[in-house]
Amino acid sequence: MSVAHDRRRHVHIETFGCQMNEYDSELVRALLTREGFVLTEDRECADVILMNTCAIRENAHTKVYTHLSDLKALKKSRPLVVGVLGCMAQNLKGELTKQEPLVDLLAGPDSYRQLPTLIRNAVHAQEQGEHRKTLAVDLSEYETYDDIVPLRVPGVNAWIAVMRGCDNFCSFCVVPYTRGRERSRDPQSILEEARRIAGNGFKQITLLGQNVNSYRSGEWDFGRLLTAVADIPGIERVRFTSPHPKDFPPSLLEAVVSHPKICKHIHLPAQSGNDRMLSLMNRTYTKREYVALVEKIRSMNRRVVLTTDIIAGFCSETEAEFSDTYRLLEEVRYHSAFIFLYSERMNTIAARKFTDDVPLEVKSQRVTALVELQRRISAECNREYLGETLPVLVEGDAKKSHLQAMGKSDGNITVIWNKTDLACSPGQVVACSIYDASASTLYAKALGISVSSPSKSEHSCTNFVQP
Ligand code: SAM
Ligand code: SF4
């Protein structure tokens with residue numbers, strides 16, 4: 001049944017968390033519009049508000065609860081259906097259905113096809129004056145939404161989820177419980193989607209997966225897929241996230257370091273620099289193996305930008321074990337790092353088997369120490385670009401001033417320049433001469449606009465036309 005004959009319901013979607021959630025919201029937009037729902041950016045005129053949630057860390061979780069309580073007043077003032085989608089819906093179905101009167105519907109990451117029906121049922125129940133919750137939270141071993149064309153927000157970058165779920169069961173992580181078992185999409189459907197994206201004018205594709213480099217479908221591994229996407233005409237840059245250090249065969253490394261359109265950036269989540277912690281986390285590599293991978297990458301191309309994720313204060317982490325992580329940062333010298341304070345997540349191996357015994361104050365001190373160290377290293381790494389000219393993909397206005405433009409280097413570093421330097425628009429590649437650097441940003445003079453595809457590394461920057 002379509003809502004086309006009914007009054008067309010207006011749906012407002014708010015997205016929390018990672019890029020995978022942004023992508024899932026695009027899938028949900030596509031599923032709802034084809035059933036006659038109208039999407040609105042304005043929550044004030046929405047009949048339905050959907051929150052696509054993240055459960056990965058405590059703060060993501062708290063943000064959603066704060067947001068839910070903000071909706072209470074709105075719901076008192078008029079008929080409104082409130083839905084929770086994604087990882088929190090999956091993990092907290094009991095809590096959300098029993099304790100949260102505000103929530104009318106729940107849909108886990110594998111249940112989005114049922115959303116139009118769930119919404120109609122919830123609207124109908126509300127019109128009848130019933131307080132009934134509708135939910136769909138079964139995990140699937142097969143759902144990849146292969147046939148759904150996401151309704152993308154226009155821009156420079158388009159995401160494609162190439163696999164869903166995760167089988168790694170890192171002991172701290174809730175993903176295998178909220179997103180289910182690992183499954184890869186058919187490569188031909190991914191390539192078709194990528195060609196459509198190129199045809200629609202996007203310049204960059206980011207391949208997504210919880211453990212993206214464990215992608216496998218028949219004869220296709222991740223390296224082959226990445227190369228095939230990068231070979232599609234019209235696409236300037238291809239990125240991927242988040243990979244696991246255990247899945248980097250030589251062929252994938254070779255593709256990253258040598259293909260001119262695959263960005264020279266690898267996010268390599270380490271989590272810890274201590275072997276006992278890594279084993280307790282079930283990361284399946286030792287510090288020595290991890291550092292050997294870093295050295296291999298750098299020996300193949302020393303300009304590859306490396307970034308990481310670190311967890312501080314995991315169960316039973318001692319001061320000496322924490323120091324090993326501190327030393328890992330000093331040793332590897334990442335360009336940047338996401339440093340997280342360990343937060344226990346329901347259902348995980350760590351929650352069931354270990355004690356979350358590092359006091360909050362100690363966790364915070366460790367996070368602060370790592371953040372300070374990383375800021376210094378990031379600033380030093382960025383200063384190495386002073387005097388160089390880099391190809392930068394223009395994204396739009398700088399956050400702090402509309403008089404400045406902003407883009408990303410091949411290594412994913414933010415570059416800012418004055419718009420008076422030259423006229424350029426999002427999607428163009430601009431040659432930027434770097435004259436200053438902070439821990440997070442490169443400041444540049446824009447020299448000219450590229451007339452060809454990007455260069456082989458951030459070193460070279462040829463074929464630019466002067467303004
Ligand atoms: N799949 C990627 C990998 O293998 O590392 C990571 C994906 S996860 C969505 C993003 C990051 O969140 C992780 O790398 C980890 O650092 C952090 N994270 C996950 N669970 C956490 C927890 N319980 N507490 C703190 N940080 C956590
Ligand atoms: Fe979570 Fe580990 Fe899977 Fe990454 S690889 S999503 S950290 S279980």
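How do the residues of the shell around ligand 2 divide into nonpolar, polar and charged? The count is seven nonpolar, three polar and one charged. The legends below refer to a predicted model.

**View 1. The shell around ligand 2.** This close-up shows the residues around ligand 2. Among them are C166, C170 and C173. F169 and F172 also belong to the set, as do V175 and P176. N168, Q210, H244 and R283 complete the list. By class, the shell has seven nonpolar, three polar and one charged residue.

**View 2. Helix α9 against helix α11.** Helix α9 spans residues 250-258, and helix α11 spans residues 287-300. They pack at an angle of about 40 degrees. Their axes are 10 Å apart. Angles from 35 up to 65 degrees fall in the oblique class, so α9 and α11 are oblique to each other. Their crossing is right-handed. On the α9 side, P250, L253, E254 and V257 make the contact. On the α11 side, L293, K296, I297 and M300 do so. The contact of α9 with α11 comprises six nonpolar, no polar and two charged residues.

**View 3. Helix α8 against helix α9.** Helix α8 covers residues 222-230. The axes of α8 and α9 come within 8 Å. They cross at roughly 25 degrees. Angles under 35 degrees count as roughly parallel, and α8 and α9 are therefore roughly parallel to each other. The crossing of α8 past α9 is left-handed. F222, G223, L226 and T227 of α8 meet L252, A255 and V256 of α9. The contact of α8 with α9 holds five nonpolar, two polar and no charged residues.

**View 4. Helix α1 against helix α5.** Helix α1 (residues 19-33) packs on helix α5 (residues 115-127) at an angle of about 65 degrees. The axes of α1 and α5 lie 9 Å apart. This angle makes α1 roughly perpendicular to α5. V28, L31 and L32 represent α1 in the contact. L115, P116 and I119 represent α5. The contact of α1 with α5 has six nonpolar, no polar and no charged residues.

**View 5. The aromatic pair F314 and F354.** With ring centres within 6.5 Å as the cut-off, the count comes to nine aromatic pairs. One of them is shown here. The ring centres of F314 and F354 are 6.3 Å apart. Their planes stand at 90 degrees, so the pair is edge-to-face. The pair links distant parts of the chain, 40 residues apart. F314 sits in the loop between β15 (305-312) and α12 (319-332). F354 sits in the loop between α13 (349-353) and α14 (360-383).

Technical notes:
Residues numbered from 1 in each chain as written. Chains lettered and ligands numbered in written order. Predicted model: local features only at pLDDT ≥ 70, side-chain atom pairs only at ≥ 80, totals over all residues. Heavy atoms only, no water. Near = heavy atom within 4 Å. Nonpolar A, V, L, I, M, F, W, Y, C, P; charged D, E, K, R; others polar. Axes fitted to C-alpha atoms, helices over the stretch in contact; angles between N-to-C directions. Helix = DSSP H or I, 4+ residues; strand = E, 2+ residues; numbered from the N terminus. Parallel < 35°, antiparallel > 145°, perpendicular 65-115°, else oblique. Left-handed = near helix turned anticlockwise from the far one by under 90°. Contact = heavy atoms within 4.5 Å. Phe/Tyr/Trp six-rings, centres within 6.5 Å; stacked < 30°, edge-to-face > 60°.
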